[in-house]
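Visitor: I have a chain to look at and some questions about its build. Please put it on the screen.

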Amino acid sequence: MFELDTEEYLNETFEGLELAGQELRRKRFEACHFLGCDFSDARFERCEFIDCQFSQCNLSLVDLAFSRFSEVSFAECKLLGINWGRASWPQLSLSAPINFSDCLLNDSSFFGLSLSGLVMTGCRAHEVDFRDGNFNGGQFAGTDFSNSLFANTQLAKADFVDATQYDLDVRHNNVQQARFDRFEAVRLLAGLGICIVD
C-alpha cells in the first residue's frame, strides 16, 4: 500500500495512486498532478491543494474535512456524493478556487457556498444541491442538471448555453443577464404555470 509519508509535496506527479478509504491529514500539495488515482471514500483532513490538477481520478464520497482548495481543476473525474460545504473556503475570493470539466458530480452538495465564477462545463450534475449558493458569472455550458436543486441561488451573468435539464424558477433564483439556449430556456417558464404549445 502506497503512503504519502511527508507533509508537503511540490511539483509532483502522482499516477495510479490507490488510496481508497484512507485518511490524508494535514498534507500540502502545490502544483501537483494526480492522474488516474483512486481516493474514493477517503478523508482529506485539513489538507491544502494549491494549483493542482486531478485527471481521470475517482474521488467519490471523499470527506473534505476543512481542506482548502486554490486554483484546483478536475478533468474527467468521478466526484459522486461529495459535500463541498465540508471544505474550508476563503471568505473573499474573486473567482471560484475549483473548476470541473467533463466530470461526474451526481448526488453532491454545494449548498450555501459562495463560488462566483464556478466552472462546471460538460459535466453530469444529477441531483446536485445548489440552493442558497452564489455562482454569479459561473460557466455551466454543456452540463446536465437533471433533478438538481436551485432555490435562492445567485446565477447572475452565468452561462447555461448547451446546458440541459435545469429546473430554475425565475421567481426564486437570480438569473439576471444569464445566458440560455433558446429552446432549452422554455424550462424557465415551467414555474410560472405557463403552457407552451407548438
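The questions below go from the chain as a whole to two of its residues.

Visitor: How many helices and how many strands are in the chain?
Guide: This is a predicted model. From the N terminus on, each element in the run is a β element. The count is zero helices and 14 strands.

Visitor: What share of the exposed area do carbon and sulfur atoms supply?
Guide: Buried residues account for 44% of the 198 residues in the chain. The area that the chain exposes is about 10200 Å². Carbon and sulfur atoms supply a share of that area equal to 44%.

Visitor: Is Leu64 buried or exposed?
Guide: Leu64 sits in the loop between β8 (53–55) and β9 (68–70). Beyond its neighbours within four places in sequence, Leu64 has contacts with Phe44, Phe69, Ile82, Asn83, Trp84, Arg86 and Ala87. Buried means under 20% relative accessible area. The relative accessibility of Leu64 is 2%, so this residue is buried.

Visitor: What separates the C-alpha atoms of Leu64 and Ala42?
Guide: Leu64 and Ala42 are 22 residues apart along the chain. The separation of their C-alpha atoms is 8.7 Å.

Visitor: Why does Glu45 count as buried or exposed?
Guide: Glu45 belongs to strand β6 (residues 43–45). Not counting residues up to four places away in sequence, Glu45 touches Glu23, Leu24, Arg25, Arg26, Ala65 and Ser67. The cut-off for buried is under 20% relative accessible area. Glu45 counts as buried because its relative accessible area is 18%.

Note on methods:
Residues are numbered from 1 along each chain as its sequence is written. This is a predicted model: local features need pLDDT of at least 70, side-chain atom pairs count only at pLDDT 80 or more; totals for chains, interfaces and linings use all residues. Side-chain values use heavy atoms; hydrogens and water are left out. Helices (H or I, at least four residues) and strands (E, at least two) are DSSP runs, numbered from the N terminus. Buried means under 20% relative accessible area, exposed over 50%, partly exposed in between (1.4 Å probe, protein chains only). Accessible areas come from the Shrake-Rupley method with a 1.4 Å probe; for residues, only the protein chains shown count as cover. Contact means heavy atoms within 4.5 Å.
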